[in-house]
Amino acid sequence: MMTSPVGHLLSKLLLLLAMSTVAVGTFASRGAAHELVPTIADMTIVDGENITLELRINLESFLAGIDLDAVENTDDDDAGDVYKTLRGLSAGALADQAPQLLVLWNDAPLAVAGSALEFTISGVEVPGDLDAELPRISVLRMTARLPERADTITVNWPLGSGALVLRQQGVEDPYTGYLAGGESSPAIATAGGGAQTPMQAFFGYIPVGFDHILPKGLDHILFVLGLFFLSTRLRPLVWQVSAFTLAHTVTLAIGALGLVAINPAVVEPLIAASIVFVAVENIFTSGLNPWRPFVIFGFGLLHGLGFASVLGEFGLPEDQFIPALIGFNVGVEVGQLTVIAIAFACVGWFARKDWYRARIAVPASCIIALVGAYWFVERVFL
């Protein structure tokens, strides 16, 4: 095996990558009670005079002031300790603190219909006897008086609030949209008719799919890297990615349609096991075995079910289900290709070196296997 100053430098860089990856793997999968989920808001116009917003929301994260645009887990924010304190409150005690949010949202303002709307709380439902390992999703109902002859409403989702799925209810052709923190909805017709066109749904869900690969899909990123480190040659990589793409497209579709539903407690450990498998195989083989694409296809079915659970959190617009589903899948694929492109830009140029496999591909696969094994144990036993 040829050694060189470049090889020694890469070895040191790889060691640093190992330490960083293990640290990320350790902290990225901490308790589910601290994982963040999107807020879902159902908007209803009552008698043409009042607007009601019913939010499925993690009250603790908002009350703690966590920047939901920047983190995926409450432990990653300086306000994480405040979140833990709020998470320990009784249902009634937490509900009593909900009006604090209303002051901020009315000042923003949260919604405009010709003029700023002033919301009041009409109800708060906080789950009581909930497993401490699960996030607590409360229901917050707010009502505001509409100005006379208000025919459109714009919702302004505050910066730092994470993702919002906004769904109009009780009208024909209702609006359904996805807002990131700091974004505003289009002017939504109070009488309905604001449903997205197929193209709007398609393009609107591409960033949702991409976001669940980069930066949020660390387990999917490691799986794709496991495919990459078998060989940087185009043919084996295309075979593997094609098998993976085809498989998860199938289960993503049938899972999102509700035809198949498997408990995430079963799917998530199997996804971790798939990461371990591809990484360990990389260590003992340097080429594409004839049966590996079929194994990758099977693992792709599992990853598709994982993506389907993500879509279950957001929901898809019923009237534009297929375009939105395709857009989400395109976003996932663009995210995966981006991961491969970044990996190639970082190490692919050294693929023809004698020391590439020993100094880069095998150690990187060992790191991936260790992180996947940690996740598997945590998801099964912890």
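Begin with the crossing of helices H8 and H11, which is right-handed in this predicted model. To bring the pair into view, select residues 234-256 for H8 and residues 321-347 for H11, and look along the two axes, which come within 11 Å and cross at roughly 150°. Because an angle over 145 degrees counts as roughly antiparallel, H8 is described as roughly antiparallel to H11.

Next, show the side chains where the two helices meet. On the H8 side, select Leu237, Val241, Phe244, Thr245, His248, Thr249, Leu252, Ala253 and Ala256, and on the H11 side, select Phe321, Leu325, Phe328, Asn329, Val332, Glu333, Gln336 and Ile340, which are the residues in contact with them. If you colour the residues of this contact by character, they divide into 11 nonpolar, five polar and one charged.

Now leave the helices and select glutamine 168, whose place is in strand E8, a stretch running over residues 164-169. Is glutamine 168 buried or exposed? Its relative accessibility is 5%, and since buried means under 20%, glutamine 168 counts as buried.

Keep glutamine 168 selected and add its surroundings: leaving aside its neighbours within four places in sequence, glutamine 168 is in contact with Met43, Pro174, Tyr175, Ile188, Ala189, Thr190 and Gly192. With alanine 189 in view, look for its backbone oxygen, which lies 2.9 Å from a polar atom of the side chain of glutamine 168. Finally, select glycine 194, which is 26 residues from glutamine 168 in sequence, and draw the line between the two C-alpha atoms, which are 9.0 Å apart in space.

Notes. Residues numbered from 1 in each chain as written. Predicted model: local features only at pLDDT ≥ 70, side-chain atom pairs only at ≥ 80, totals over all residues. Heavy atoms only, no water. Helix = DSSP H or I, 4+ residues; strand = E, 2+ residues; numbered from the N terminus. Buried < 20%, exposed > 50% of the residue type's maximum accessible area, 1.4 Å probe, protein only. Contact = heavy atoms within 4.5 Å. Polar contact = N/O pair within 3.5 Å; in protein donor to acceptor, adjacent residues only side chain to side chain. Axes fitted to C-alpha atoms, helices over the stretch in contact; angles between N-to-C directions. Parallel < 35°, antiparallel > 145°, perpendicular 65-115°, else oblique. Left-handed = near helix turned anticlockwise from the far one by under 90°. Nonpolar A, V, L, I, M, F, W, Y, C, P; charged D, E, K, R; others polar.
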